[in-house]
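User: I am new to reading protein models. Could you show me how the terms are applied?
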Amino acid sequence: MATIQEAMAAAVAHHQAGRLAQAAALYHAVLDAMPGQADAAHLLGVVHLQSGQPDRAVTLIRGAIQQNHRVADYHDNLGSALKALGRLEEALAAHRQAVRLRPEFAQALYNLGNALEALGRLEEAATAFRQAAARRPGYARARFNLGNVLAALGQRADADDAYRAALADDPTFVEAHANRGSLLLALDRPQDAAAALARALALRPDHAAALSNLAAARLALGDRDSAESAARHAVAARPDLADCLLRLGEVRQRADRLGAAADAYRAALALNPALAEAHANLALVRQGQGLLDAAELGNRRALALDPSLADVRSNQAYLLLFRPGVTAAAVLEAHRDWDRVHGAPHRGRWVKPGKVTSGKGPLTVAILSGDFRRHPAGLFAVRTVEALPAHDIRLLLYANQTESDDVTDRFRKAAARWIPVAGLPDAEVASRIRHDRPDVLIDLAGHNARGRPGVFARKPAPVQVAWSGYMATTGLAAMDALVADRHHVPDGMEAFYAERVLRMPDAFIAYDAPSGEGGDDTELPLTPPPSLSGKPVTFGSFNILTKLNDGVLAAWAAILGRVPDSRLLMKTKALSCPATADLWRGRLAAAGIDPGRVTMVGATNSLDHMRRCASVDVALDPFPFSGSTTTLETMWMGVPVVTLPGETFSSRHSLAFLTVAGVEGCIASDPADYVDRAVAWASDPQRLAELRRTLRSRMAAGPLCDGNRVAAALAAELRALARPH
């Protein structure tokens, strides 16, 4: 027999070459000849660990340690075996002992970081990974794991540095490219994300996670065809991975292919019924299709799986606004429920009101929004924001967006400072605002998409105000005031708002119309009502399907029944989806409306949308959630909007805008009156023609489009809040 030394050398050679069976046989032979041989016991334990037998590894390596407890490698590999068994605290102790024995032991520090990460002790894990990387130049995996931990901690800029350092050590590190791409996507840097993901895919073309994230990056860049292709390749690479199907659903959803998106989400849930994000996304699809019960059920399932999903709870509160019979009291309670779960934990760290100043100098007002662009919230606010600096207001605009357009340019011009915050966690955004010390912080989104209620719940400014972008109370104890008007919040309704109600003199917004102040834009000329030229009377709805319910459909059926040969135009982007359009033809038929009398149109460009508004004689507002942008757009084309307001803020938009514009005969008191008023308008073509000729100029010259008038009132209210006497 070879000497023990020769046998060990041969065993190690086999081991290093990956020939584990041959190595194990020789280690056993050594132990048979010398039962106390610590190196053989240790390395045989390592073989068992590598072969998926960590329990046997623990026994053997502990035996080696009994023979010689001063060898750091023994303790380090014991820790790895214990970690594989899920005995994390014991693993932690073993790795710490390895580091105590050899403080420069980079691998032990790396393994210590892994154990700490598995225990959720991420800050300590980051320290261990940093120490490992410092002790071994070129230790790409330690830097990579550091990046993963920092990303999980929300320290995204530092995580990116770590990933880039890992790639400097090893440019072929596929997972580092892939994870960096995922991080850049979360930072709202889709162009950079796509480049990083492309590098990962050049090294491994079937990397499912990279393909999935590339689909998201391409989607954010507006390349829907490429996004669909990447998502399909991800599913083909890993048909068993629910996350890939989830991304395919997101791509389809963004393309308004709601039926196909729902199919992808259901397939994801078949693979992983506990995937909360798939339940939430499927709920959004059902919401877009106007299936309110299914949307609420999906949200409830998502929250049952993950109660920390603040955006899902926001959406659940928002959905209540669409429910027939909804009360202001119920709306308040639903939004306070969000605050109890997600807002209350932050209350001990609110910024306290400062000392009352003399009132000299400009008031610093910060506005946080993801809609400083051609979006309803942006178009409601831009004229007022442009006028605020003339009223001694210094503006800080925190932009939760990466895209820009001509409206974005107008906001930037009005700002003393423009601060991009897209992709930053709520805590970091709040910290930046707190550092800038504005007198007032305004929210333009509430619980809507791109809203950051988690920032406002932290109260980084002494006075916080909700305005323009959300059509209800926020429910936040941290929100001091809500910008409204007497039409949206009549006297006596203040108790149903968590905020103090600030009433503007007319409407709470100033509409930025799509044509010139005088209404002479040749691209949107005023045209006669269609029925005046002998065409059938056409009623129109330009609202999202979520706003339509059985009561609305019953009223529409009655209107069409009383106006022979009349037609109904329904236009909204969800109708771009054939499956959704078919669904609604069925719902209309069930409500007694002949689908043959209905024209359905999906998404179009903005000018074509406005021309479609002009192609109807009378617009029919949904209830209880009325139109807002759609009402203003339709009015701008000279078309009356028949509305049935309730007691909630979201039910009273059309009432407010029609009243401020001086349009009479459109505001109903009940469903029967709603039907009567629609029929009356349809029966009076001369009245329709007169409104076409006069309404746009009245809107343009009146308070509904007067940003300076709203700015003066808003500035006075904000100053009174921030500098009370």
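Analyst: Start with one pairing: I367 has I442 in β4 as its bridge partner. This is a predicted model, in which local features need pLDDT of at least 70, side-chain atom pairs count only at pLDDT 80 or more, and totals for chains, interfaces and linings use all residues. Residues are numbered from 1 along each chain as its sequence is written, and side-chain values use heavy atoms, with hydrogens and water left out.

User: What makes β1 and β4 a pair?
Analyst: Two strands pair if DSSP finds at least two bridges between them. Four bridges join β1 (residues 363-369) to β4, and the strands run parallel. Therefore they meet the definition. Strands here are DSSP E runs of at least two residues, numbered from the N terminus.

User: How many bridges join β4 to β5?
Analyst: Four, and these strands also run parallel. One bridge partner of β4 in β5 (residues 463-466) is A466, which pairs with D443.

User: Why is A445 called buried?
Analyst: Buried means under 20% relative accessible area, exposed over 50%, partly exposed in between (1.4 Å probe, protein chains only). A445 has 2%, so it is buried. A445 lies in the loop between β4 and α24.

User: How do you know which residues A445 touches?
Analyst: Contact means heavy atoms within 4.5 Å. Not counting residues up to four places away in sequence, A445 touches R450, G451, G469 and Y470.

User: Which way do the residues of β4 point?
Analyst: V440 and I442 point one way, L441 and D443 the other. All are buried.
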